[in-house]
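Me: I'd like some help learning to read a structure. Could we go through it together, one feature at a time?

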Amino acid sequence: MTSPCVFLCSVLICRNYKGDVDMAEIDHFLPLLMTEEEEGVTCPIMMHGNVHFLWIKHTNLYLVATTNKNSNASLVYAFLYKLVEVFTEYFTELEEESIQDNFVVVYELLDELMDFGFPQTTDSKILQEYITQEGAKLEVAKTKVPTTVTNAVSWRSEGIKYKKNEVFIDVIESINLLVNANGSVMSSDIVGTVKLKTMLSGMPELRLGLNDRALFALTGRDKGKTVSMEDVKFHQCVRLSRFESDRTISFIPPDGESELMSYRINTHVKPLIWIESVIEKFSHSRVEIMVKAKGQFKKQSVANNVEVRVPVPSDADSPKFKTSTGHAKYVPEKNLAVWTIKSFPGGKEFLMRASFGLPSVENDEMEGKPPITVNFEIPYFTVSGIQVRYMKIIEKSGYQALPWVRYITQSGDYQLRSNF
């Protein structure tokens, strides 16, 4: 990678790492982008001569990397999104003003994030140890490079101390589901993440055990329910060689909050909240909608903050609602009726009836049929059955630490098509 630039309608800030791409090349980016937008086709990679522009957009800013080599595009995009993450950590909001007001800090960050076109330290917590926004107060102690930068464990500082040592583990699974108008599940999968909040002294080593099917197959102890995980991705702290050899998740954790791993489970998922809908039109003067929601998960669980979003005709007006529980409202700017249920126990059924007025003249315009979407969160429950079997904490001082585990299932892209 040669030169990442950030600009709005003109270049705000630019850094050339290798010097093999002329700085003036960035002036060709916006004309190329505008030409593609006029033609209705935009591409994440554009070319001018032998120079390639790889770009992303964040709010009103474009972040662009230029290269004239056969660079690793995935690495370039990962770095650009990491730039957004780091700048947001520093400035709260990444926009034109925050770049202009902090250009000195931005240049410092660019120099530390990458060296001669190769990404270096990209962890914002480590960067904040020696790049602060108080640039005028330069102390001798601050000029020393922190050991975390040169240490093998670059994501954790030494000398961390807590009065009470604890680890909080959140296993969060998002369900992606598409149901057709006939009630058949067209596609479904589960995307899971394991998040940590680590408050441990010293430099502890943690070992996490899950009911992983591959692990049980290796050890010959295929007892109880196991889970087959795909597309597993780990934080850099995990010892990958150890995981590949014996499926042990062994690591020295970052301090504070972090995402330890993510995974995907490609399996048939039964809809946890089932929606049935009926719509009736009366002489093109009004429309009535009936929606029934049923919790198809175990009775001892409760879904929180359930939100059923029902599409309505774009010319609807005069809404009237009646619900057996919760409350409903009309959101005209989105052409939606939104039914909110704060607490939805498993096995229960609830009804919503809605009535809307329609113009007396029939609208012959063919509108699309957007699906009903559902948002929800079910604590203390995972649809895949994944479990944390153990968490071992090893630290040379031998202190006792408490691991806490919480399971959450939530909606991802959860859509049910209707016959509207």
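Me: Let me start with a single residue pair. In β21, which residue is the bridge partner of Glu307?

Reply: Happy to help, and keep in mind that this is a predicted model. To read a bridge, pick a residue in one strand and look across to the neighbouring strand. Here, Glu307 has Asn375 in β21 as its bridge partner. The two strands involved are β16, residues 302-311, and β21, residues 372-379; they run antiparallel and are joined by four bridges.

Me: And which sheet do β16 and β21 belong to, and in what order do its strands come?

Reply: To read a sheet, walk across it from strand to strand and write down the order. This open sheet has nine strands, in the order β11-β13-β9-β8-β23-β21-β16-β19-β18, with mixed pairing. At its edges stand β11 (230-234) and β18 (327-331); each has a single partner strand, so one side of each is left without a neighbour in the sheet. On average, neighbouring strands here are turned by 15° against each other, direction ignored.

Me: There is also an open sheet of four strands. What is its order?

Reply: Use the walk again. You pass β14, β15, β20 and β17, in that order, and the pairing is antiparallel. The edge strands are β14 (273-282) and β17 (317-323), each with a single partner, so each has one side without a neighbour in the sheet. Neighbouring strands of this four-stranded sheet are turned by 15° on average, ignoring direction.

Me: How many bridges pair β14 with β15?

Reply: β14 pairs with β15 (residues 286-295) over 10 bridges, in the antiparallel sense. For one position to find on screen, take Ile273, which stands opposite Gly295 in β15.

Me: Let's turn to the surface. Which residues form a nonpolar patch there?

Reply: For a patch, look for nonpolar side chains that group together on the outside. Phe103, Val104 and Tyr107 do this, with about 280 Å² of accessible area together. Phe103 lies in helix α4, which covers residues 103-113. Its relative accessible area is 46%, so Phe103 is partly exposed.

Me: A bench question now: how many disulfides does the structure hold?

Reply: The general idea is that a disulfide is a covalent bond between the sulfur atoms of two cysteines. In this structure there are zero disulfides.

Me: What about Cys237: buried or exposed?

Reply: The cut-off for buried is under 20% relative accessible area. Cys237 has 4% relative accessibility, so Cys237 counts as buried. Cys43, with a relative accessible area of 30%, is partly exposed.

Notes: Residues are numbered from 1 along each chain as its sequence is written. This is a predicted model: local features need pLDDT of at least 70, side-chain atom pairs count only at pLDDT 80 or more; totals for chains, interfaces and linings use all residues. Side-chain values use heavy atoms; hydrogens and water are left out. Two strands pair if DSSP finds at least two bridges between them. Axes are lines fitted to C-alpha atoms, for helices over the stretch in contact, and angles run from 0 to 180 degrees between N-to-C directions. Patches are made of residues with over 30% relative accessible area and no salt bridge: like charges are joined within 9 Å, nonpolar side chains (Val, Leu, Ile, Met, Phe, Trp, Tyr) within 5 Å. Accessible areas come from the Shrake-Rupley method with a 1.4 Å probe; for residues, only the protein chains shown count as cover. A salt bridge is a side-chain nitrogen of Lys or Arg within 4 Å of a carboxyl oxygen of Asp or Glu. Buried means under 20% relative accessible area, exposed over 50%, partly exposed in between (1.4 Å probe, protein chains only). A disulfide is a pair of cysteine sulfur atoms within 2.5 Å.
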